[in-house]
Amino acid sequence: MPFGISLGELLERAGGVNGHLQALLVGGAAGALVGPEALGTRLSMEDMRAAGLPLGSGVVMVFNRTRDLGEPIRRIARFFAHESCGKCYPCQLGTQRQTEILERAAAGAALPGDRQRLLDVGWTMTDASLCGLGQTAASVTLSALKRWPELFPND
Ligand code: SF4
């Protein structure tokens, strides 16, 4: 697809959505989850940056309303925990803690403070990790926390 088309046009050209659109993952595992309100965003460096979204690897994944969004969020968190090389603590520990908190919430066993803990871990990884892996390991979780707070433990 050419640079500059909108996310909505991209979906149309790809054949549309099966069912009702719930979310799009833009930029891949290090990207962000957005809702249907982002369909007008153009896929260019400038427009995506202005919207606070990464183009990343160029991946666009589409989720309809039948999907439990928590499942891909946890899967991505597990991916980063597995891929972390362990050289710096923010990423080594942060990716593990992020995964644990998400899985605890999915099991209905969230602890008081887990939502804030998830935010703190995410911001710490983003700000203090040595390389791009740790710096983006919380991007999907943080974007989902902002857009779908109901998916996460509520203190
Ligand atoms: S941020 Fe990079 S250097 Fe630090 S542990 Fe993660 S993968 Fe290793």
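Author: A residue counts as near the ligand if its C-beta atom, placed from the backbone, lies within 6 Å of it. In this predicted model, the residues around the ligand are Ser84, Cys85, Gly86, Lys87, Cys88, Cys91, Gln92, Ser129, Leu130, Cys131, Leu133 and Gly134.

Reader: Thanks, that helps. Which helices each supply at least two residues of that shell?

Author: Two helices do: α4 (89-106) and α6 (132-136).

Reader: What makes a shell residue nonpolar, polar or charged, and how many fall in each class?

Author: The class follows from residue type. Cys and Leu count as nonpolar, so Cys85, Cys88, Cys91, Leu130, Cys131 and Leu133 go there. Lys counts as charged, so Lys87 is placed in that class. The shell has six nonpolar, five polar and one charged residues.

Reader: On to the strands. How do you know that β1 and β3 pair?

Author: Pairing asks for at least two bridges between the strands. Strand β1 (residues 21-26) and β3 have five bridges, so they count as a pair, in the antiparallel sense. Two examples in β3 are Val60, opposite Val26, and Met61, opposite Leu25.

Reader: And what makes β1 and β2 a pair?

Author: Here DSSP finds three bridges, where at least two are needed, so this is a pair as well, again antiparallel. Ala32 in β2 is the bridge partner of Val26. The two strands form a hairpin with five residues between them, and Gly27 in the turn has a positive phi of about 90°.

Reader: Why are β2 and β3 called edge strands?

Author: The sheet is open, with three strands in the order β2-β1-β3 and antiparallel pairing. β2 (32-34) and β3 (60-64) each pair on one side only, and the twist averages 20° from one strand to the next. Helix α7 (residues 139-147) packs on the sheet and touches β1 and β2, its direction making about 25° with that of β2.

Reader: What makes this a two-domain protein, and where are the bounds?

Author: The bounds come from an automatic or database assignment, so the division rests on that record: domain 1 is 7-64 and domain 2 is 70-151. Their C-alpha centres lie 21 Å apart. Eight residues from domain 1 and nine residues from domain 2 take part in the contact. On the domain 1 side, β2 gives the most, with three residues. That side divides into six nonpolar, two polar and no charged residues.

Reader: How do you know that the predictor is confident, and which elements have the lowest and highest mean pLDDT?

Author: pLDDT runs from 0 to 100 and expresses the predictor's confidence, so an average of 95 speaks for a confident prediction. In addition, 99% of the residues score at least 70. Helix α2 (residues 45-50) has the lowest mean among the elements, 94, and helix α3 (residues 70-83) the highest, 98.

Key: Residues numbered from 1 in each chain as written. Predicted model: local features only at pLDDT ≥ 70, side-chain atom pairs only at ≥ 80, totals over all residues. Helix = DSSP H or I, 4+ residues; strand = E, 2+ residues; numbered from the N terminus. Axes fitted to C-alpha atoms, helices over the stretch in contact; angles between N-to-C directions. Contact = placed C-beta atoms within 7 Å.
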